[in-house]
Amino acid sequence: MKKALITGITGQDGSFLTEILIAKGYEVHGIIRRASNFNTDRIEHLMGNKQLRLHHGDLSDSANLNKLISTIKPDEVYNLGAQSHVAVSFEVPEYTAQVDAMGTLRILDAVINHYPEARFYQASTSELYGLVQEIPQKETTPFYPRSPYGVAKLYGFWITKNFRESYGLFACNGILFNHESERRGKTFVTRKVTVGLSEILHGIKKESLKMGNLDAKRDWGYAKEYCEAMWMMLQHSSAEDFVIATGRTYTIRDFIERSARYCDWEIVWEGEGVNEKGIDKKSGRVIIEIDPRYFRPAEVELLVGDASKAKKELGWEAKIDLDELIDIMMKHDMKDASYKKVLQLSDNS
Ligand code: NAP
Ligand code: GDD
């Protein structure tokens, strides 16, 4: 039985990748962080599965990583653990560098010292392109990160490539563009919108949803499909870097308008800058307002990826489009909101 080790197993991608690897017959080892409360919600449904083993650990702890690699001897290592929030990285830049940059070095070092036969996947990102130098972005597009997160991930990218070139490690960077799902963290823009609108519609959230820059453009795909691509990279005949994207880009404004249709709202925009409001045309209700707290010190205005290398060499391409993604997320979050409403009503009765 093949063995895989996943850092960040409790995150969005970690949970999908675990399902994929278990279905393929792997023994999956996952690193979880000790927290004062349960942080395993996304893999709760897999607890008790004999193919799943969890270990405490942290990307800031080399001793722990060395011990895990030397005892597990995994065939494949997926380094998904990260402080993954771009806006938060401006508040905790040093910590972000410790985990996202140095953490990558620590786990690579543990692999090369204790089990260099392992194949290594690094969760690289379209944030590396930042202030984009080319449209669309592909594997050869120069990088220009725009946040402490992007800069830390740039180190992660290069140190992965360096271990491949220096020591012959089978190490790949997946340069994944934004990917979302019903498991996406609720402070990322898509999930903030799908949860926020669902809660406003059900009367759980009384006030409008406060947003930042509505004009940024993102290439959004479905997380589950992107996790399949991670596995495909490690099965390839040679270790290479791949862009994973849909090739289509939309503004945050588009995402809000499309999601609002689930609530039977047609959003019209009035006002400008921080005074802009998204209003439901029929009822006149203000659904969206701008709060400058959500603006970033430096913004990534446009991302759109060209995944033709992945299509040609891996046979991977995105199948779920934006409306299908919104459908998955809105259905999930509307159901959640209606449960919450029922609970609220029964509490009050
Ligand atoms: P996520 O939901 O935020 O999950 C991040 C995971 O990293 C969580 O399991 C988290 O643990 C863990 N983690 C955080 N700090 C850690 C530390 N110090 N040591 C060990 N683990 C730590 O992120 P995601 O969306 O699944 O993304 C997975 C990876 O892909 C990340 O590296 C992210 O930067 C990268 N990426 C994501 C996207 C995207 O659009 N989703 C695109 C490109 C690249 P807790 O659960 O305990 O917090
Ligand atoms: N989070 C958030 N909250 N973003 C907002 C908001 C808001 O209220 N309003 C507007 N935005 C804009 C941000 O300014 C940004 O331009 C865009 O929405 C997307 O923000 P996020 O969803 O937070 O994602 P991200 O693109 O910054 O980063 C995600 O994708 C990267 C890949 O490109 C994360 O998953 C990173 O970990 C990942 O590497």
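Ligand 1 is surrounded by 25 residues in this predicted model. The closest of them are Thr 10, Asp 13, Ser 84, Tyr 149 and Lys 153. Two of these residues can be followed down to single atoms. In Thr 10, a polar atom of the side chain lies 2.6 Å from an oxygen atom of ligand 1. In Asp 13, by contrast, a polar atom of the backbone is found 2.8 Å from an oxygen atom of the ligand. Leu 80 also takes part through its backbone, where a polar atom is 2.9 Å from an oxygen atom of ligand 1.

Ligand 2 may be read in the same manner. Around ligand 2 there are 23 residues, and those that come nearest are Thr 125, Ser 126, Tyr 149, Arg 296 and Glu 299. Tyr 149 therefore belongs to the nearest residues of ligand 2 and is also listed among the closest to ligand 1. Ser 84, one of the closest residues to ligand 1, has a backbone N or O atom 2.7 Å from an oxygen atom of ligand 2. The backbone of Val 189 likewise places an N or O atom 2.8 Å from an oxygen atom of ligand 2. For Arg 296 the side chain is concerned: one of its N or O atoms is 2.5 Å from an oxygen atom of ligand 2.The chain as a whole is assigned two domains. Domain 1 comprises 3-178 + 221-244, while domain 2 comprises 189-217 + 250-301 + 321-348. The C-alpha centres of domain 1 and domain 2 are 30 Å apart. Where the two meet, nine residues of domain 1 and seven residues of domain 2 form the contact.

How much area do domain 1 and domain 2 bury between them? The value is about 740 Å², with 67% of it on carbon and sulfur atoms. On the side of domain 1, the residues that lose the most area to domain 2 are Phe 90, Arg 146 and Tyr 222, which together account for 57% of what that side buries.

The polar links across this interface can be stated briefly. Between domain 1 and domain 2 the count of salt bridges is zero, and one residue pair is found in polar contact.

The elements that build the side of domain 1 touching domain 2 complete the picture. Both α3 (86-91) and β10 (221-222) supply at least two residues to that side. The largest share, three residues, comes from α3. Sorted by class, the side of domain 1 that touches domain 2 contains four nonpolar, three polar and two charged residues.

Terms used. Residues are numbered from 1 along each chain as its sequence is written. Chains are lettered from A and ligands numbered from 1 in the order in which they are written. This is a predicted model: local features need pLDDT of at least 70, side-chain atom pairs count only at pLDDT 80 or more; totals for chains, interfaces and linings use all residues. Side-chain values use heavy atoms; hydrogens and water are left out. Domain bounds come from an automatic or database domain assignment. Contact means heavy atoms within 4.5 Å. Buried area is the accessible area (1.4 Å probe) that two parts lose on being put together, summed over both. A salt bridge is a side-chain nitrogen of Lys or Arg within 4 Å of a carboxyl oxygen of Asp or Glu. A polar contact is a pair of N or O atoms within 3.5 Å; within protein, one must be able to donate a hydrogen and the other to accept it, and residues adjacent in sequence count only if both atoms are side-chain atoms. Helices (H or I, at least four residues) and strands (E, at least two) are DSSP runs, numbered from the N terminus. Ala, Val, Leu, Ile, Met, Phe, Trp, Tyr, Cys and Pro count as nonpolar, Asp, Glu, Lys and Arg as charged, and the others, Gly among them, as polar. A residue is near a molecule or strand if one of its heavy atoms lies within 4 Å of it.
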